Each structure stands twice: as structure tokens, then as C-alpha cells.
Amino acid sequence: MKRLFNIGLLLVSASLAVGCFNKDDRNYQYFPNMYESVGYEAYGSYETFENSQEAKLPVEGTIPRGWKPYGYEDSNDGYQNAKANLSNPLPYTEDNVNEGKALYTIYCAICHGDKGDGKGTLSQREKILGIPAYNDAGRAITEGSVYHVMYYGLNTMGSYAAQISEKERWQINHYVMDLKRQLNGDPKREFVSEEEAELNTLVENTDATEEMSAEEHREDNHAAETHEEETTEGEQENTEVN
Ligand code: HEC
């Protein structure tokens, strides 16, 4: 009798269990918080997080994919170190130098002049003072020092790390050293052929930014200038109102 009752109980509970089962539903959730996570808003404020802020800064030392850190610090020691030890990893090919010249004309010539004599338009109009010629003996620029000042800037000269990719900076670098040779009346450096260059290519354009053509750089640079002008005008308006 007891056995019969047990079997009956089993049947009833089994049919109950099966009867309530609905395959379209989640049914019984064991550890429900494993199914239902909390959806945080990207810029929301939640006590769980430090400063109640969901958006976090990347961990210290994080670098973007494809970007290589520059190993010399922004100090006098860093400058001297780069000046003495850093050299141009790009082969001195005609293409690299031509590309460097195009970029130089867009970014640097306005101050340094087409010949690198320090007599660009902004120098002639006395907008920026103290622009040196590239063959200035006291400065004795090297590939390393040129790269360093392009990366960090130097006093009134701004940094070009954001506008120009690593490869482009080295292309300009070749051209700046060319201008220095020309100013000194030194003989031209001989180009490395493309085939030779391919064998010893040390630097690929690894920057995360896509490569831009000289034309796109020109537009980009122009857009930045127009924006600057607009801001200055805006500021002037503000002063008038006050
Ligand atoms: C807004 C004007 C301006 C622009 C644009 C500019 N420079 Fe300069 N540059 C200067 C001035 C001013 C100095 C002198 C800074 C100082 O010694 O205080 C200088 C110095 C230099 C020096 C000498 C640094 C040294 O070691 O003493 C180099 C090399 C140089 N610039 C390269 C470049 C290159 C390459 C570009 C383009 C990517 C460029 N500059 C764009 C104004 C400019």
C-alpha cells in the first residue's frame, strides 16, 4: 500500500513538473543573477564604481593598438639623448624624400621657409620670432633632434605628434636634413633604390591612423586653421559684449 502511494506521488509530481514546463519560457532560474546581469549605462553614475562613475580611464600604461611609444622624454636630457642616439629608420628613397617635401611644405614651411632658412611667411610678418635656419651652427640639428622637436614641439613651435604619423615624421625628417645640406652647400645625399629599401625596411606605417595623402593633409591642416580663426573671432565678439 505504501509503495503504491509512493509511486502515485512520484507520478503526480512528475506530471506536475512536466505539465508546468513551457519551453518558450526561462522556467526555474537557479542563481538568477547569472542570467540577469545589471545593464550599466556607459556614462551612468553608480555607487558600485569608484567616484560613482561607470566610464573608466584605460589602465595606466595602456597603448592603442599599432602605436609604438616614443622612448625619449620631454626634457632637456631626453632632447640631448635623442639628438645623440636616434636616427632615421626609413630608407632614404626618392619617394620618401618627395613625400617628406610635400608634408614639409604643408606643415613647416609657413615658419621655416621653403629653403629651411627660417624665413617663412610667419617669420617675415613677424608673427613668430626666433625661427632658426636648419644649418644654424649653434643648434647643429641631427635626425634625432629634428624628430624630437617634431614630436614634442619646442617653445613657440608646437608638437606635430597628432597631425603627422610616425612614418610621415621620418619622411619630413629626411627632407629637413636635405635642406640643411643645401644651406651648407654640402653635396646631395644619394638615394637608396626602392629594391634595396624593401630589403631593409625597418619601419612600417604602424600608426593606428590610416595613411593620408598629401592632399588630405592639406585639407586637414586648412580645416584646423579655419577653425582657429573662427575661435579667435568668437572670442573677440565675447569681449565686445562684455
Ligand atoms: C609656428 C611656426 C613653426 C612651425 C609651423 C614649425 N616650426 Fe620648427 N621652430 C619654430 C621656432 C620658433 C623654433 C625655435 C624654437 C626655440 O628654439 O625656441 C623652431 C625650431 C625648429 C628646429 C630646431 C630645433 C632645435 O633642435 O634647436 C627644427 C629642427 C624645427 N623647428 C623643425 C620643424 C619642422 C620639421 C616643422 C614641421 C613639421 C616645424 N619645425 C614647424 C617654429 C615653427
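1. Asn-155 is exposed, because only a count of 7 C-beta neighbours is found inside 10 Å and a residue with 12 or fewer falls in that class. Its backbone has a positive phi of about 50°, although Asn-155 is not a glycine, and its place in the chain is the loop between helix 6 and helix 7 (166-184). Since this is a predicted model, the phi value should be read as a property of the prediction.

2. A comparable entry is Ala-140, which is not a glycine but has a positive phi of about 40°. Ala-140 sits in the loop between helix 5 (121-124) and helix 6 (143-152), and, because 10 other C-beta atoms lie within 10 Å, Ala-140 is exposed. At the other end of the helix, just after helix 6, Gly-153 takes a positive phi of about 80°.

3. Turning to the fold as a whole, the protein chain contains 9 helices and 0 strands, and along the sequence it reads α-α-α-α-α-α-α-α-α. Of its 242 residues, 18% count as buried. Among the contacts with a separation of 6 or more, 64% are accounted for by residues 24 or more positions apart.

4. Helix 6 is mostly covered, with 7 of its 10 residues buried. The buried residues of helix 6 are Gly-144, Val-146, Tyr-147, His-148, Val-149, Met-150 and Tyr-152, and they pack against helix 2 (76-85) and helix 7.

5. The packing of helix 6 on helix 7 can be described further: the two axes come within 10 Å and cross at roughly 130°, which means that helix 6 is oblique to helix 7. The crossing is right-handed. On the side of helix 6 the contact is made by Glu-143, Val-146, Tyr-147 and Met-150, and on the side of helix 7 by Arg-169, Ile-172, Asn-173, Val-176 and Met-177. By class, the residues of this contact divide into 6 nonpolar, 1 polar and 2 charged.

6. Helix 7 also packs with helix 3 (residues 94-107), at an angle of about 90° and with the axes 7 Å apart; helix 3 and helix 7 are therefore roughly perpendicular to each other. From helix 3 the participants are Asn-96, Val-97, Glu-99, Gly-100, Lys-101, Leu-103 and Tyr-104, and these meet Glu-168, Gln-171, Ile-172, Asn-173, His-174, Tyr-175, Val-176 and Asp-178 in helix 7. The residues of this contact comprise 6 nonpolar, 5 polar and 4 charged. Ile-172, Asn-173 and Val-176 of helix 7 are listed both in the contact with helix 6 and in the contact with helix 3.

7. The surroundings of the ligand bring several of these elements together. Of the 23 residues around the ligand, Cys-108, Cys-111, Arg-139, Asn-155 and Met-157 come nearest, so that Asn-155, the exposed loop residue of the opening point, is one of this group. Helix 4 (109-112), helix 6 and helix 7 each supply at least two residues of the shell, and the largest share, 4 residues, comes from helix 6. By class, the shell has 17 nonpolar, 5 polar and 1 charged residues.

Methods:
Residues numbered from 1 in each chain as written. Predicted model: local features only at pLDDT ≥ 70, side-chain atom pairs only at ≥ 80, totals over all residues. Buried ≥ 20, exposed ≤ 12 C-beta atoms within 10 Å, placed from the backbone. Contact = placed C-beta atoms within 7 Å. Axes fitted to C-alpha atoms, helices over the stretch in contact; angles between N-to-C directions. Parallel < 35°, antiparallel > 145°, perpendicular 65-115°, else oblique. Left-handed = near helix turned anticlockwise from the far one by under 90°. Nonpolar A, V, L, I, M, F, W, Y, C, P; charged D, E, K, R; others polar. Near = placed C-beta within 6 Å.
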